[in-house]
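Open the model in your viewer and set it to cartoon. The stops below go from the sheet to the helices, then to the cores and a few single residues.

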Amino acid sequence: MIDSREQIPTLLSENSIGCELGVFLGEYSEILLSSKKFNRLYLVDTFDGQIGSGDKYGNNMRILGGEYLLANAIHKFQNNNTVEIIKSDSIKFLKNCNSNFFDFIYIDTVHTYKHLMQELQESRRVIKLNGFICGHDYNKNVFPEVVTAVNDFCQMYNYTFYTTTKDILESFIITK
């Protein structure tokens with residue numbers, strides 16, 4: 001059992017290749033990087049228009065401009081050669097990745113059924129065997145479409161998954 005998303009990197013092997021889809025201010029990116037588990041971590045976001053997000057609990061909602069968020073990410077990670085910042089839609093990014101490339105994917109982008117299902121389908125293709133497809137906001141009261149998409153995806157491919165146990169907005173963890 002994993003209590004919180006901060007502990008998810010403990011599941012990973014050293015020298016993992018990962019990506020975070022939906023970066024916002026890069027707070028979770030910093031947690032991922034502090035684990036020292038990544039050989040390469042792709043930080044993918046549209047960095048376009050107005051982007052809103054709360055903290056990991058769903059509180060303190062902020063709406064910030066994409067250009068500001070991109071500049072923030074570049075500044076925050078400019079001295080980290082493990083990081084590659086990608087300005088792209090998450091689905092387009094995944095479609096351009098080689099099959100069986102990633103050890104880890106964390107999804108926290110658009111919280112609609114259709115978008116998340118497309119991300120999960122593409123993640124399935126690009127994740128290595130025994131890799132982890134994870135994501136934020138698995139909470140039926142706040143994000144019911146996230147819960148339905150994850151449940152349907154796992155049922156479709158006969159995957160089991162679990163969620164963090166102490167986060168208010170749980171993270172889901174699927175192992176391929």
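In what order do the 7 strands of the open sheet lie? The model is a predicted one, and in it the order is E5-E2-E1-E6-E7-E9-E8, with mixed pairing.

**The whole chain**

Start with everything selected. The protein chain holds 5 helices and 9 strands, and from the N terminus these elements follow one another as β-α-β-β-β-α-β-α-β-α-β-α-β-β. The C-alpha trace extends over about 40 × 35 × 30 Å along its principal axes. The radius of gyration is 15 Å, which agrees with the value near 16 Å that a compact globule of 176 residues would have. Of the 176 residues, 49% are buried. Among contacts with a separation of 6 or more, 66% link residues 24 or more positions apart.

**The sheet and its edges**

Select residues 83-87 and 161-163 next. These are strands E5 and E8, the edge strands of the sheet, and each of them pairs on one side only. Across the sheet, neighbouring strands are turned against each other by 15° on average, with direction ignored.

Stay at the E8 edge and add residues 170-175, which form strand E9. E8 and E9 pair in the antiparallel sense, over 3 bridges. Show the side chains of phenylalanine 161 and isoleucine 174: the two stand opposite each other, with isoleucine 174 in E9.

**Two helices across the sheet**

Which strands does helix H2 lie across? Select residues 66-77 for the helix and 38-45 for strand E2: H2 lies across E2 and E5, and runs at about 170° to E5.

Then move to helix H4, residues 113-126. H4 lies across strand E6 (102-107), strand E7 (127-138) and E9, and its angle to E7 is about 160°.

**The nonpolar cores**

Show side chains for Phe93, Phe102, Ile105, Leu120, Val150 and Ile174. These have the most contacts inside the largest nonpolar core, a set of 28 residues. Strand E1 (16-21), E2, helix H3 (90-95), E6, H4, E7, helix H5 (144-157) and E9 each supply at least two residues of this core. Which of the elements gives the most to this core? That is H5, with 6 residues.

Centre the view on leucine 120. Setting aside residues up to four places away in sequence, leucine 120 touches Ile107, Ile133, Ala149, Val150, Phe153, Phe172 and Ile174. A second core, separate from the one just shown, has 25 residues, including Phe38, Ile51, Val83 and Ile173.

**Histidine 115**

Go back to helix H4 and select histidine 115, which lies in it. Is this histidine buried or exposed? Histidine 115 has a relative accessibility of 13% and so counts as buried, the cut-off being under 20%. Its side chain is joined to that of serine 90 by a polar contact of 3.3 Å. Residues up to four places away in sequence not counted, histidine 115 touches Asp89, Ser90, Ile91, Thr109 and Val110.

**The loop between E1 and H1**

Select valine 23 and phenylalanine 24. Valine 23 is placed in the loop between E1 and H1, and phenylalanine 24 is found in that loop as well, with H1 covering 27-34. Valine 23 is buried at a relative accessible area of 5%, and phenylalanine 24 is buried at 11%.

Beyond its neighbours within four places in sequence, valine 23 is in contact with Ser29, Leu43, Val44, Asp45 and Phe47. A distance label from valine 23 to leucine 41, C-alpha to C-alpha, should read 12 Å; in sequence the two are 18 residues apart.

Now check the backbone of phenylalanine 24, where phi is near 50°, a positive value in a residue other than glycine. Most residues other than glycine have a negative phi.

**Asparagine 158**

For the last stop, select asparagine 158 in the loop between H5 and E8. Asparagine 158 also has a positive phi, about 55°, although it is not a glycine. Is asparagine 158 buried or exposed? With a relative accessible area of 70%, asparagine 158 is exposed, whereas phenylalanine 24 is buried.

Conventions. Residues are numbered from 1 along each chain as its sequence is written. This is a predicted model: local features need pLDDT of at least 70, side-chain atom pairs count only at pLDDT 80 or more; totals for chains, interfaces and linings use all residues. Side-chain values use heavy atoms; hydrogens and water are left out. Two strands pair if DSSP finds at least two bridges between them. Helices (H or I, at least four residues) and strands (E, at least two) are DSSP runs, numbered from the N terminus. Axes are lines fitted to C-alpha atoms, for helices over the stretch in contact, and angles run from 0 to 180 degrees between N-to-C directions. Contact means heavy atoms within 4.5 Å. A nonpolar core is a set of buried Ala, Val, Leu, Ile, Met, Phe, Trp, Tyr and Cys residues joined through side-chain atoms within 4.5 Å. Buried means under 20% relative accessible area, exposed over 50%, partly exposed in between (1.4 Å probe, protein chains only). A polar contact is a pair of N or O atoms within 3.5 Å; within protein, one must be able to donate a hydrogen and the other to accept it, and residues adjacent in sequence count only if both atoms are side-chain atoms. The radius of gyration is taken over C-alpha atoms; the globule rule is 2.2 Å times the number of residues to the power 0.38.
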